Amino acid sequence: MFFKSRKDDKPAAAGGAPGQSTSPGRASVHMTVNGKAVSAEIDPRTLLVQFLREQLRLTGTHVGCDTSQCGACVVHVDGRAAKSCTVLAASCDGTAVTTIEGLAQGGELHPMQEAFREHHGLQCGYCTPGMIMAAVDIVNRKGSNVSEAVIREELDGNICRCTGYHNIVAAVRAGAVGMASMSRRQAAE
Ligand code: FES
Ligand code: FES
């Protein structure tokens, strides 16, 4: 195991309960995760990745290092990439969090997921959720014409021990084009 389980944390439930009193030594958190409102009373030391994996059972977010180096734990907090192993869940109170489980819509893979599949941007897949979440953030910030050099620089905080990065970079470039197409389709609807 990469982190300690906090069995005494009350499970999160659908539906927020803002304003409820909090037990001494506990923190009350209310956030939206993949479009659903969740609330919980937690140990204030609970990391966001623990909250997602152990409380919400969203195990697509991985832990590779627990020291903010590998990027396996990247999720989006209010639309920006964040390493969830270094963020306290309590500090995300009131935010909207998206994990890899929240990317696909209507049974269709997100264009970045599709690009990773198409371009063989993974082998064992352990780094892949974090890579994809980081890649979507890169395209959101840098645009669909993002260059290979920028992709490589921006992925500096995401480590893959399998692929050698060539296919990952190709996947991100293809995913960027796919995201632009998706945006055009959505704008036309
Ligand atoms: Fe968060 Fe490695 S587990 S950066
Ligand atoms: Fe195995 Fe990246 S695919 S660590």
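## A first look

Which residue in E5 is the bridge partner of Val77? The partner is Arg80, and we will come back to this pair below. First, a word of welcome: what you see is a predicted model, and its mean pLDDT is 91. A pLDDT of 70 or more is reached by 89% of the residues.

One stretch calls for care. Over residues 1-19, pLDDT stays under 50. The model still has 35 contacts for these residues beyond four places in sequence.

## The overall layout

The protein has five helices and six strands. If you walk along the sequence, you meet them in the pattern β-β-β-α-β-β-β-α-α-α-α.

How much of the protein is buried? Of its 189 residues, 38% are. Among contacts with a separation of 6 or more, 64% link residues that sit 24 or more positions apart.

## Strand E4 and its two partners

A good place to zoom in is strand E4, which covers residues 74-77. E4 runs antiparallel to strand E5 (residues 80-83), and four bridges join the two. Together E4 and E5 make a hairpin, with two residues between the strands. In that turn you will find Asp78, which has a positive phi of about 50°.

E4 is also joined to strand E6, residues 96-98, by two bridges, and this pair runs antiparallel too. Val77 takes part in both pairings: its bridge partner in E5 is Arg80, while in E6 its bridge partner is Val97.

## Helix H3, mostly covered

Now turn to helix H3, made of 15 residues, 128-142. From its first C-alpha to its last, H3 reaches 20 Å, which is close to the 21 Å expected at 1.5 Å a residue. Just after the helix comes Gly143, with a positive phi near 90°.

Is H3 mostly covered or mostly uncovered? H3 is mostly covered, with 11 of its 15 residues buried. The buried residues include Thr128, Pro129 and Gly130 at the start of the list, and also Met131, Ile132, Met133, Ala134, Ala135 and Val136. Ile138 and Val139 are buried as well.

What do these buried residues pack against? Their neighbours include two strands, E4 and E5, which are the two arms of the hairpin described above. The buried residues of H3 also pack against three helices: H2 (111-118), H4 (148-154) and H5 (166-188).

How values were computed: Residues are numbered from 1 along each chain as its sequence is written. Chains are lettered from A and ligands numbered from 1 in the order in which they are written. This is a predicted model: local features need pLDDT of at least 70, side-chain atom pairs count only at pLDDT 80 or more; totals for chains, interfaces and linings use all residues. pLDDT is the predictor's confidence in each residue, from 0 to 100. Two residues are in contact if their C-beta atoms, placed from the backbone, lie within 7 Å. Two strands pair if DSSP finds at least two bridges between them. A residue is buried if 20 or more other C-beta atoms lie within 10 Å of its own, exposed if 12 or fewer, and partly exposed in between; C-beta atoms are placed from the backbone. The expected span of a helix is 1.5 Å times one less than its number of residues.
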